Structures are given as C-alpha cells and as structure tokens.
Amino acid sequence: MKERAAERMVEERYTQWKSLVPVLYDWLANHNLVWPSLSCRWGPQIEQATYKNRQRLYLSEQTDGSVPNTLVIANVEVVKARVAAAEHIAQFNEESRSPFVKKSKTIIHPGEVNRIRELPQNSNIVATHTDSPDVLIWDVESQPNRQPVLGATPSRPDLILTGHQDNAEFALAMCPTEPFVLSGGKDKSVVLWSIHDHISSLAADHGAHKSPGSKGNLSNGKAGDGTTVEARGIFQGHGDTVEDVQFNPSSAQEFCSVGDDSCLILWDARTGSSPVVKVENAHNADLHCVDWNPNDVNLILTGSADNTVHMYDRRNLTSGGVGAPVHIFEGHSAAVLCVQWSPAKASVFGSAAEDGILNIWDHAKIGKAGNDVGSGDSSYPPGLFFKHAGHRDKVVDFHWNAADPWTIVSVSEDGEKTGGGGTLQIWRMIDLIYRPEEEVIAELDKFKSHLLTCSTSSSS
C-alpha cells in the first residue's frame, strides 16, 4: 500500500511538473535511453550555429549482459537561450528518443561504466571507473567506433592507471590545472596519478603509428602493452570505502575525499600521505559526494545518505572533531547522490538525490527576505530557488555545461516508468528565475508597456 501511494505521489508530482515546463524552462530535451546510464558528462563544443550549438556528451550504458557495456560518445544539439518556443519544449513523449541527441561513437567497455570524468586540458581524453581496481583512460578521438554485439572483445584503453588494492568504482576526479587523476576505492585509500608523460603523445598524434617503446605506445588508436601508469601517491586515512574525491580547483597537490566512514578529509601531496584535516562525523551517515567551489576555493560541498548537503569553509574545519558546516541544506527526502557547483555563479550549486529531484540552490540568498522559492512556506528550505522534477526515479548524475553555463544534463534510473533504460534530460531554466531582480522587473515592465500599446492600437 505504501509503495502504491508513493508511486501515485511521484506521478502527481511529475504531471504537475510537466504542466509547468513552458513557464519554468527556456529549453528542455527529453531522451529515453535504451540502457541505464550511471554517468553523464559534457565534452567539448564542436560547432556553433545561429540558433544552436553542437556539443559532445559522454554517457555510459549498463546492459543486462545480452550486449556488452559501453562508453557512448554522443553529439547533442544545444538550443541557444530564448530560441525554443514554449509549446515546443512541452511536447515530448517519455518513451521516445530526442532528435537533439545522436550517438556518434561506441567504445566497448571492459565492465560497467560507473563514473566518467573528462580531462580539462583536453576533453577528448576521459577516465572511467568500472568494477575493478584500475582507472581506464580513453582517447575518444582515436578509439575506433565499435558495434556492441554479444561476444565482442572489449576496446583497449589507451592507458591503465594502477595502484588500488581493491575495486575502485565511483570516486574519480580530474585536476583542472594539470593532467592529474585522483581516485578512491574499497581499499579505503585515495590514489593520485600524473599522466603528463603520456598525455602529450595521446593528444598530439591521434591514431598514428609510433615506434615501440615510445611514451603512450599508441598504434591505430589502440594501447600497446606498456601503457600502465603507476601511482604518484597513495593516501591512507579513511576507515571505509572512499565514495568521492575532488581536487582543489587551483592546486594539483591539494584535494579532498569523502567516504562511508562519514569523514571529509583534506590532503596535501606535498606534506605526505596522511590527512591534513580529517573531519569526523561530517554527516550522520555515509557520504556519497563532494565538490570544491571553482570560484571560491574556501567552500566545499558534501552530500550524504542522511538526505542533506553540507557546506564547509575549509578555514573553519576542526581536525579530529565534529566539523561545523557553514550551512546545512535540507531539501531532499532521500540520499543525496551528486553535488556540483555552478560554473556560472560562485554561490549557486545543484544537488541530485534518490528522491528523483535535482535541486538548484543559491547560498547567497539565505537570510534575505523574499529570496527563497515559496517564501514563508516551510516546505521550501532557505537557499533553494529551483526544483527540477522531470525525473521519476533517482537522479544518479548531472553535469553543468561550462560552455553554456545554465544548461544541465541529468540522468535517472526510471526505466520501468518509461519503457526504456532510464531518462536523459538536457534542460535550462528560464533566465527570469536567476537574473538580478531589478533587471527582470525592468524587462517585465517593458513587456507590460508593449502589451498595453498593442491592446490600445487593436481597440482603436
């Protein structure tokens, strides 16, 4: 009975959301996936046109074993702001594929793709986590396009990063300043690699023959035998599985990690392999995700199975004690799976959870009268200003688009409800929601005077 009531509530929420799409969104593309995806990431922008831009999108496909698991490279048409008609974005069928999303290449992955991360210095290079101790590095340009048929041998990664003693399945990050990779796993350790020696050959010579023994040893886009990279550092300090890791946006030597031991740990590779600061009881449950603010390096977000997001100021962390978060964001009714700061505005971030909601927050609005969604309504917590309710089951991943900063891609496991493998949505809220209030009022006033002029002329 409880389950049926919960399902009915989700359907009602979704129906209400769908009716509001023309009002709340500037653009939305709904794409029914063939197989579930656990990760979605924006790649480089590849073409600009008058009304839309073409951009690469990285996705995973978790199959049932009838065909191999794959890493998918898709090309997406991202419609520019204020171009799509409201009635057009509201008309989509949950069970159909979006014409804006087209698969361009398939890499047969050795095992499930749990996490994808692109290298900021060259976003054609991606790292993936699977159910193994290794991190796999792929050059998506030179990798051949493969047909995922039963029995097909897996594609060969360009590099294999070794160092974990047990499976490392989710915690994965790429450094914004240097080609460094960070990972965490079931062995309770955080592992750091530099792929500097190999990245020059990966980036410089797509698919060209190289002499044996050359760095990277690429031949026709496939890895040779000598392409494992050993760890630069292994960091011990967690008491349980490391669930997520993140670099300090301005330093390749500083990073943080969270895990099932409820700890947030800050590290500095220059000071050794022990924690610099260890915040115990950072939440009241397992920590699933962490992100470090690229525009304000003092702020760190953590998301947890206790349904909350905590914002920490690294200048006020207590080592060994209970960390005092600057703010606790309580807007989810289930475990938070993913948090990410917006590239567009330093105080804005998103959080996605098992409740099927992707919340957008602005911590700068906390405490300011009338600035929260539904002010005075206790169901809307401080700082929350947008709820994306387009998914009908847990939102497993999302990613802000750096090339089009208010555009988000999100993916959910709602295959049972859509007759497919889950839902991929690419969406952008209407800019009247986040632009400065005085700007919006001025624009609406103009619109109002335009309407009055129209009605006067039509009645005369």
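I'll start with one residue: Thr241 is buried, at a relative accessible area of 16%. The cut-off for buried is under 20%, so Thr241 falls in that class with its 16%. Keep in mind that this is a predicted model.

Where does Thr241 sit in the chain? Its place is a loop, with strand E16 (233–236) on one side and strand E17 (242–247) on the other.

Which residues does Thr241 touch, once those up to four places away in sequence are set aside? The list is Gly185, Lys186, Lys188, Gly259 and Asp260.

Now the protein as a whole. There are 460 residues, and 53% of them count as buried. In secondary structure, the count is five helices and 31 strands. Taking contacts with a separation of 6 or more, 59% are between residues 24 or more positions apart. The accessible surface is about 19400 Å², and carbon and sulfur atoms hold 50% of that.

Next, the annotation. The UniProt record, an unreviewed entry, carries "repeat: WD" on residues 235–277, 280–313 and 329–362. Such annotations may be inferred rather than shown by experiment.

I have values for two of those spans. Residues 280–313 are 50% strand and 0% helix, and the C-alpha atoms at the two ends of that span are 15 Å apart. For residues 329–362 the figures are 53% strand and 0% helix, with the end C-alpha atoms 10 Å apart.

To go back to the start: Thr241 is in the loop between strands E16 and E17, and Thr241 is buried. Among its contacts are Lys186 and Asp260. That's what I have.

How values were computed: Residues are numbered from 1 along each chain as its sequence is written. This is a predicted model: local features need pLDDT of at least 70, side-chain atom pairs count only at pLDDT 80 or more; totals for chains, interfaces and linings use all residues. Side-chain values use heavy atoms; hydrogens and water are left out. Helices (H or I, at least four residues) and strands (E, at least two) are DSSP runs, numbered from the N terminus. Buried means under 20% relative accessible area, exposed over 50%, partly exposed in between (1.4 Å probe, protein chains only). Contact means heavy atoms within 4.5 Å. Accessible areas come from the Shrake-Rupley method with a 1.4 Å probe; for residues, only the protein chains shown count as cover.
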